[in-house]
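Please walk through this protein with me, starting from the space inside it and working outwards to the elements around that space.

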Amino acid sequence: MLVRVAVACALMVGAGIAASPAVAQELAPEQARAFIAGKLFTYNCFDGTTGMGRIFADGSIIGTIRPPGGTQLRFATLPAGTIKVATNSICAHLPGLPIDPCFKVQKIDYHSFRGSISGLGFAYCDFQQHNPRAALTRRDPARRDPVAPPTAVATVRPAP
């Protein structure tokens, strides 16, 4: 299970909402770091794994994961240095794996990207930036405003 959590979190380095590959822009490692680091993303993976998480500039990861078919959402963290950006690739150092998987990052739009394991295009996760503050500004049109509108009319008279 730890390996599944680690791989899903490491895939958070990769790109968003399903779209035509012709629209996607592949990002160089430093571009991917600038686009992803510190932002909160929800993700859906090819195998049904879902969750939400954040990758920090130091390569640490914090988030949640729900395995395919599972009902329980689990909290997961990985230490600094888990995600490493080299000059030509982004790789993850995951405990228990004999290799450090590397990733391809495709930017779909300003808020989403897709991450896939290099050489295994079918193994991907789609990420959508999630901003919980935006929900605070949305207003439900069905909800009535608790403040009653004023009923008195004010009149303005010139001073004597």
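Which elements each supply at least two residues of the lining of the largest cavity? They are α2 and β6. The model is a predicted one, and a search of the whole structure finds one cavity of 30 Å³ or more. Its volume is about 120 Å³. Twelve residues line the cavity, and Arg33, Ile55, Phe56, Ile83 and Val85 lie nearest its centre. The element that gives the most to this lining is α2, with three residues.

Helix α2 covers residues 29–36, and within the helix Pro29, Ala32, Phe35 and Ile36 are buried. These four lie on the same side of α2, because they cover an arc of only 125° around the axis. The cover over the buried residues of α2 comes from several strands, including β2 (40–45), β3 (50–55), β6 (83–85), β7 (90–92), β8 (102–109) and β9 (112–117). After the helix comes glycine 38, which has a positive phi near 85°.

Two of the buried helix residues return in the nonpolar interior. The largest nonpolar core has 22 residues, and Ala32 and Ile36 are among those with the most contacts inside it, together with Ile83, Val105, Phe113 and Phe127. At least two residues of this core come from each of α2, β2, β4 (61–66), β7, β8, β9 and β10 (120–129).

The strands that follow the helix can be taken in order. β2 and β3 pair in the antiparallel sense over five bridges, and one pair of bridge partners is tyrosine 43 and glycine 51 of β3. The two strands form a hairpin with four residues between them, where glycine 48 in the turn has a positive phi of about 100°.

β3 also pairs with β4, again in the antiparallel sense, over six bridges. Here isoleucine 55 stands opposite isoleucine 61 of β4. Five residues separate the strands in this hairpin, and glycine 59 takes a positive phi near 90°.

What do the two faces of β3 look like, buried or not? The side chains alternate along the strand: Gly51, Gly53 and Ile55 point to one face and are buried. Thr50, Met52 and Arg54 point to the other face and are not buried. Ile55 thus ties several parts of this description together: it is on the buried face of β3, it stands opposite isoleucine 61, and it is one of the residues that lie nearest the centre of the largest cavity.

Methods: Residues numbered from 1 in each chain as written. Predicted model: local features only at pLDDT ≥ 70, side-chain atom pairs only at ≥ 80, totals over all residues. Heavy atoms only, no water. Buried < 20%, exposed > 50% of the residue type's maximum accessible area, 1.4 Å probe, protein only. Arc of directions from axis to C-beta. Contact = heavy atoms within 4.5 Å. Core = buried A, V, L, I, M, F, W, Y, C linked by side-chain atoms within 4.5 Å. Pairing = 2+ DSSP bridges. 1 Å grid on protein atoms, 1.4 Å probe; cavity = no way out; pocket = protein on both sides within 12 Å on 5 of 7 lines; lining within 4 Å. Points joined across faces, edges and corners; volume = space filled by probe spheres on them.
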